[in-house]
Amino acid sequence: MRSALILVLTLPLLAGCAAAGAPVASAAPDPSPSPSASASPSAAVPEIVTKDASIGNAQSAATVAPVRLSIPQLNIDMRIDAMGLDGDGAMALPDNALDAGWYKFGPGVANDAGATVIAAHVDSRHDGIGPFSRLKDASLGSTISVAGTDGSTVDYVVTEVRSVGKIDAPMAEVFDRAGDPRLTLVTCGGDFDSSTGHYVDNIILTAIPVGK
Amino acid sequence: MKSRLAAGGAAGAVLVVALAAPMSAAAAEGDAQLSVLHGIPGVTVDVWVNGDLTLDDFTPSTLTEPLMLAPATYSVAITASNATSATDQVVLGPIDLPLAADGNYTAVAHLNAAGEPAAAFFTNDVSATAAGEGRLTVRHVAAAPAVDILAGDAPVIEGLENPNEEILNLPAGVVPASVVAAGTTEPALLGPADVDVAEGVNTIVYAYGSLEDDTLALAIQTVDGLHTPPAGIPAGQTGAAAAAETAQSTWIGLGAFGLLLAAAGALFATRRTAARR
């Protein structure tokens, strides 16, 4: 280590020598014709972002889980549980239609990018018809507030409400982790197919953070 | 280690690694991604790509962000940090790195099993992970014999040798990982350390340094965006919401008389709901 430091310190001296007319080596721009690939002969060392890869460094910014959802226009005020997947590889939801679930593998509150996905049963065997049955009636421009575990609250405005057949439901889009930060609320809608025990549509509401 | 490094410095030889060169200002379709990790303790190096100084004074345990490079074969040389060209005080190389379109690679300057500087060139697995899962890649780039990797007390990777890798797809979560000599469970050469195997991310753990010199350490690289979305969102169970909807529109169609019925029906529905609770 000590020797490496010394080498670094001597670098400017060596470069100075070269500039003074030493026959060969020159640290900076090569005066000879540059290969076609390097377009800017005067370019110094390119800016390359580096970071300390030591395991002690946090791997990624902690995700803030949402814990409360409020939509005054629809008289909705629900608890949010962090949820993963069910046995069929679909998003798991709280048993009660009165509670909402947040897809814990995706973006959280105040995320930099992508969709924070919160869903709830439109109706449930446990507690009947839930608040999300009113999701389809949300007006564009309505306000939605989401509180996080860290005590923060993010306000959103509704920009789109649509009904999509489940067969065509764009899951990759709903669970997108890139693009502008947004809130996506999902429930079921349309007709209920009693032969399968499932609704045929998904109601998908999109909202964007206020001020963005 | 100190003696080896000192000797290397005196001879004018220092370190490692590979990198990127004709870097376009903006990423283009089909660009390969190349990251560079410095895994040789105690020395600072320069990295030259196609003859151009690309990483100046690159220090141990440092990882570059991915460099976006047009697919091609790049010539990489690693020199002492005071070298004046890619051919001055060469430590490693030049070596050729063939980068394929859309490929994702990591070049690592490290010590081989015998403790000599070496360059390893890995292709990172960026295939999609299953919903709910993450990928754990472990790379042995340390001057040490074969190792096992334990998750808690159980070996999950056995007999991993420098400069090889092993890849596991796991349910997302934190893995308490330890590195032990192959065939043993203790003492831990490294760790235990909590490794966050995040969903949709390839978390790549490097064991680097030297056992003999007591400089073993872990470095981490992550490649994200590999996630698969859930298969669907089944968010209804009984059909009650649809039934209520249908009933409501029917009543509206019946006009004023229907409104009376609707009021009665709503009362009834409310009682039923209450009863169900």
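How many bridges join strand E2 (residues 66–71) of chain A to strand E8 (residues 143–148) of chain A? There are four, and these two strands run antiparallel. Keep in mind that this is a predicted model, where local features need pLDDT of at least 70, side-chain atom pairs count only at pLDDT 80 or more, and totals for chains, interfaces and linings use all residues. As for labels, residues are numbered from 1 along each chain as its sequence is written, while chains are lettered from A and ligands numbered from 1 in the order in which they are written.

**Chain A at a glance**

- Chain A has two helices and eleven strands; helices (H or I, at least four residues) and strands (E, at least two) are DSSP runs, numbered from the N terminus.
- Starting at the N terminus, its elements go α-β-β-β-β-β-β-β-β-β-α-β-β.
- Out of 212 residues in chain A, 35% count as buried, meaning that 20 or more other C-beta atoms, placed from the backbone, lie within 10 Å of the residue's own (12 or fewer makes it exposed, anything in between partly exposed).
- Take the contacts in chain A between residues at least 6 apart in sequence: 57% of them join residues at least 24 apart. A contact here is two residues whose C-beta atoms, placed from the backbone, lie within 7 Å.

**Around strand E2 of chain A**

- In the E2(A) and E8(A) pair, A:Arg68 has A:Ala147 as its bridge partner. Strands count as paired if DSSP finds at least two bridges between them.
- E2(A) also pairs with strand E3 (residues 76–83) of chain A, in the antiparallel sense and over four bridges.
- Here A:Ile71 sits opposite A:Ile76 of E3(A).
- E2(A) and E3(A) make a hairpin with four residues between them, and A:Asn75 in the turn has a positive phi of about 55°.

**Around strand E10 of chain A**

- Strand E10 (residues 182–193) of chain A is mostly covered, with nine of its twelve residues buried.
- Strand E5 (residues 115–119) of chain A pairs with E10(A) in the parallel sense, using five bridges. Across this pair, A:Thr116 stands opposite A:Leu183.
- E10(A) is also joined by nine bridges to strand E11 (residues 198–209) of chain A, and those two run antiparallel. One of the matched pairs is A:Phe192 with A:Tyr199 in E11(A).
- The hairpin of E10(A) and E11(A) has four residues between the strands, and A:Gly197 takes a positive phi near 80° there.

**A sheet in chain B**

- Chain B has an open sheet of four strands in the order E13-E10-E16-E17, with mixed pairing.
- Its edge strands are E13 (165–171) and E17 (217–223) of chain B, each pairing on one side only.
- Strand E10 (residues 133–143) of chain B is joined to E13(B) by seven bridges, and the two run antiparallel. B:Leu136 has B:Leu168 in E13(B) as its bridge partner.

**Two domains in chain B**

- Chain B splits into domain 1 (1–123) and domain 2 (126–229), with bounds that come from an automatic or database domain assignment.
- The contact between them takes 19 residues from domain 1 of chain B and 19 residues from domain 2 of chain B.
- On the domain 1 side, strand E1 (32–38), strand E8 (104–111) and strand E9 (117–123) of chain B are the elements that give two or more residues.
- E8(B) gives the most to that side, with five residues.
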